[in-house]
Amino acid sequence: GQVPAGDHVIILKDLPGNIQAESVRVLGKADGSLKQNSVDIRQMAIKEDAQPEERIRLERQIETLQDEVERINRAFSDNQIQRDMLQAIAAKALTPSSGNGALVVSGEGMTGLLESAAAKLDALAQSEMDMRGRQRAIGREISDLQNQINEMSSRNNVQTVVMFNVS
């Protein structure tokens, strides 16, 4: 099928439960740019007689957590853009002036610029460490919720669900 431009989560359901996760490939074709942000493959025990309201509530919690993971992934990308920009500015400031159009910074200004860049880079690194910790915590929360879903029923039918995020 076709997916319009923008960020999307595409979910493939009702796949056999015996699919090997490492054998799943996601391929796409686009007229413009296509970025595959992440692929999540889960084997789920589908319960025929589970309490549907509770299952839906737990699945919505999982979706909310997965959305948070996507926001964290975007924040990682944003941090990288900021890091690249800061490094480019610092590199430009360190380039000897060669006449017209060159950025000329005094020694004092250079010190301030480099200290500011270092402080911002340090803040970005700390932010990324915090985000990695949150990603791990989300992974544990999702696992716990999935375990709750798996325990809800007496009859299990295993299916594989493949979700991939594209932009």
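# Exercises on a predicted two-helix model

This is a predicted model; the protein averages a pLDDT of 77, and 66% of the residues score at least 70.

## Exercise 1. Confidence along the chain

State where in the protein confidence is lowest and where it is highest.

Solution.
- Step 1. Strand E1, residues 8-16, has the lowest confidence, with a mean of 65.
- Step 2. Helix H2 has the highest, at 87.
- Step 3. Where pLDDT is low, the predicted coordinates should not be read in detail.

## Exercise 2. Layout and surface

Give the order of the elements from the N terminus, then describe burial and exposed surface for the protein.

Solution.
- Step 1. Count the elements: there are two helices and three strands.
- Step 2. Read from the N terminus, they run β-β-α-α-β.
- Step 3. Turn to burial. The protein has 167 residues, and 24% of them are buried.
- Step 4. The exposed area is about 11,400 Å², of which 51% comes from carbon and sulfur atoms.
- Step 5. Take the contacts between residues at least 6 apart in sequence: 88% of them join residues at least 24 apart.

## Exercise 3. The largest nonpolar core

Which residues make up the largest nonpolar core, and which elements give two or more residues to this core?

Solution.
- Step 1. The core has eleven residues: Leu58, Ile62, Leu65, Ile72, Phe76, Met131, Ile138, Ile142, Leu145, Ile149 and Met152.
- Step 2. Helix H1 (52-94) and helix H2 (107-151) are the elements that each give two or more residues to this core.
- Step 3. Follow one member, Leu58. Beyond its neighbours within four places in sequence, Leu58 is in contact with Leu145, Gln148, Ile149 and Met152.
- Step 4. Compare that with the core list: Leu145, Ile149 and Met152 are among the core residues.

## Exercise 4. A charged residue in helix H2

Is Glu128 buried or exposed, and which residues does Glu128 touch, not counting those up to four places away in sequence?

Solution.
- Step 1. Locate the residue: Glu128 is in helix H2.
- Step 2. The cut-off for buried is under 20% relative accessible area. Glu128 has 10% relative accessibility, so Glu128 counts as buried.
- Step 3. With residues up to four places away set aside, Glu128 touches Phe76, Asn79 and Arg83.
- Step 4. Phe76 also appears in the largest nonpolar core.

## Exercise 5. Salt bridges between and within helices

How many salt bridges does a search of the whole structure find, and which residues does the network around Arg134 join?

Solution.
- Step 1. The search finds six salt bridges.
- Step 2. One of them pairs Glu68 with Arg134, with 2.8 Å between the closest N and O atoms. Glu68 is in helix H1 and Arg134 in helix H2, so this pair ties together parts that are 66 residues apart in sequence.
- Step 3. Arg134 also forms a salt bridge with Glu141, where the closest N and O atoms are 2.8 Å apart. Through shared partners, Glu68, Arg134 and Glu141 join into one network.
- Step 4. Check exposure. Arg134 is partly exposed at 27% relative accessibility, and Glu141 is partly exposed at 32%.
- Step 5. Another salt bridge joins Arg74 and Glu70, at 3.7 Å from N to O. Both residues lie in helix H1, four residues apart, about one turn of the helix.
- Step 6. In this pair, Arg74 is partly exposed at 36% relative accessibility, whereas Glu70 is buried at 12%.
- Step 7. As general background, side chains of opposite charge can pair when their charged atoms come close.

## Exercise 6. Apart in sequence, compared in space

Find the C-alpha separations for Gln80 and Leu124, Ala75 and Glu128, and Gln51 and Met152.

Solution.
- Step 1. Gln80 lies in helix H1 and is partly exposed at 36% relative accessibility. Gln80 and Leu124 are 44 residues apart in sequence, and their C-alpha atoms are 8.7 Å apart.
- Step 2. Ala75, also in helix H1, is partly exposed at 24% relative accessibility. Ala75 and Glu128 are 53 residues apart in sequence, with 8.5 Å from C-alpha to C-alpha.
- Step 3. Gln51 sits in the loop between strand E2 (36-47) and H1, and is partly exposed with a relative accessible area of 43%. Gln51 and Met152 are 101 residues apart along the chain, and their C-alpha atoms are separated by 7.2 Å.
- Step 4. Met152 is one of the residues of the largest nonpolar core.

Notes:
Residues numbered from 1 in each chain as written. Predicted model: local features only at pLDDT ≥ 70, side-chain atom pairs only at ≥ 80, totals over all residues. Heavy atoms only, no water. Core = buried A, V, L, I, M, F, W, Y, C linked by side-chain atoms within 4.5 Å. Buried < 20%, exposed > 50% of the residue type's maximum accessible area, 1.4 Å probe, protein only. Contact = heavy atoms within 4.5 Å. Areas by Shrake-Rupley, 256 points an atom, 1.4 Å probe, with all protein chains shown as cover. Salt bridge = Lys/Arg side-chain N within 4 Å of Asp/Glu carboxyl O. pLDDT = per-residue confidence, 0-100.
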